[in-house]
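Me: I am new to this structure and would like to get to know it step by step. Could you walk me through it?

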Amino acid sequence: MALMINNNCISCDACLAACPNQAIFEKRADAESGGYRVSDGQGLDGTTYVISHDRCTECVGHFAEPQCASACPIGDCCVPDPLVPEATGLLLERARRLHPQKEIRHDMVWPGVRG
């Protein structure tokens, strides 16, 4: 999960609709019941939204910035997950797999992507 939602989250729902990959869940249990992995320690209190690293592409290939971070009214909730750094190539491949019918653009990569 290249991105994670930290404890600054106010559960406003803005990120849910903004995510092109349906990678954000209100509860960790919701993600896990769907078979999606969440980074260790995330969402354990049940009040902070979580991002599944099986579905997050950091919006690489879709947009020039992560849409969850862009939609967030707090501004610093959706941040890179230090436990799961992912390279551009992996994120692009995931985007192609999740959206086989859509053109995935190699030039749509934001500066915060690691690698």
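Me: Let's begin with Tyr36: in which loop is its place?
Reply: Happy to help! This is a predicted model, in which local features need pLDDT of at least 70 and side-chain atom pairs count only at pLDDT 80 or more, while totals for chains, interfaces and linings use all residues. Residues are numbered from 1 along each chain as its sequence is written, and side-chain values use heavy atoms, with hydrogens and water left out. Helices (H or I, at least four residues) and strands (E, at least two) are DSSP runs, numbered from the N terminus. On that basis, the place of Tyr36 is in the loop between H2 and E3.

Me: How does Tyr36 count in terms of accessibility?
Reply: Three classes are used here: buried means under 20% relative accessible area, exposed over 50%, and partly exposed in between (1.4 Å probe, protein chains only). Tyr36 has a relative accessibility of 27%, so it counts as partly exposed.

Me: Which residues is Tyr36 in contact with, leaving aside its neighbours within four places in sequence?
Reply: Contact means heavy atoms within 4.5 Å. With those sequence neighbours set aside, the partners of Tyr36 are Phe25, Ala31, Ser52, Asp54 and Arg55.

Me: And how far apart are the C-alpha atoms of Tyr36 and Cys56?
Reply: Along the chain, Tyr36 and Cys56 are 20 residues apart. In space, their C-alpha atoms are separated by 11 Å.

Me: Let's step back to the whole chain. In what order do its elements run from the N terminus on?
Reply: The chain has 4 helices and 4 strands. Read from the N terminus on, their order is β-α-β-α-β-α-β-α.

Me: What radius of gyration does the chain have?
Reply: The radius of gyration is taken over C-alpha atoms, and the globule rule is 2.2 Å times the number of residues to the power 0.38. For 115 residues, a compact globule would come out near 13 Å. The value for the chain agrees with that: 13 Å.

Me: What share of the contacts in the chain with a separation of 6 or more comes from residues 24 or more positions apart?
Reply: As background, 47% of the 115 residues of the chain count as buried. Among contacts with a separation of 6 or more, residues 24 or more positions apart account for 74%.

Me: Now for Arg28. Is it buried or exposed?
Reply: Arg28 is found in helix H2, which covers residues 28-33. Its relative accessible area is 13%, so Arg28 is buried.

Me: Which residues does Arg28 touch, not counting those up to four places away in sequence?
Reply: One distance helps to place it: the C-alpha atoms of Arg28 and Asp40, 12 residues apart along the chain, are separated by 10 Å. The residues that Arg28 touches are Val38, Ser39, Gly41, Gln42, Gly43, Leu44 and Val50.

Me: How does Cys59 count in terms of accessibility?
Reply: Cys59 has its place in the loop between strand E3 (50-51) and helix H3 (67-71). Its contacts, leaving aside neighbours within four places in sequence, are with Pro20, Glu65, Pro66, Gln67 and Met108. With a relative accessibility of 6%, Cys59 counts as buried.

Me: Which residues of helix H4 are buried?
Reply: Helix H4 covers residues 88-98. Thr88 is found in this helix, and its relative accessible area of 18% makes it buried. The full set of buried residues in H4 is Thr88, Leu91, Leu92, Arg94, Ala95 and Leu98.

Me: What arc do they cover around the axis?
Reply: The arc is that of the directions from the helix axis to the C-beta atoms. The buried residues lie on the same side of H4, because they cover an arc of only 160°.

Me: What is the phi of Ser11 near?
Reply: Most residues other than glycine have a negative phi. Ser11 sits in the loop between strand E1 (3-5) and helix H1 (14-18). Its phi is positive although it is a residue other than glycine, with a value near 55°.

Me: And what is the phi of Gln22?
Reply: Gln22 lies in the loop between H1 and strand E2 (24-25). At 60% relative accessibility, Gln22 counts as exposed. It is not a glycine, yet its phi is positive, at about 50°.
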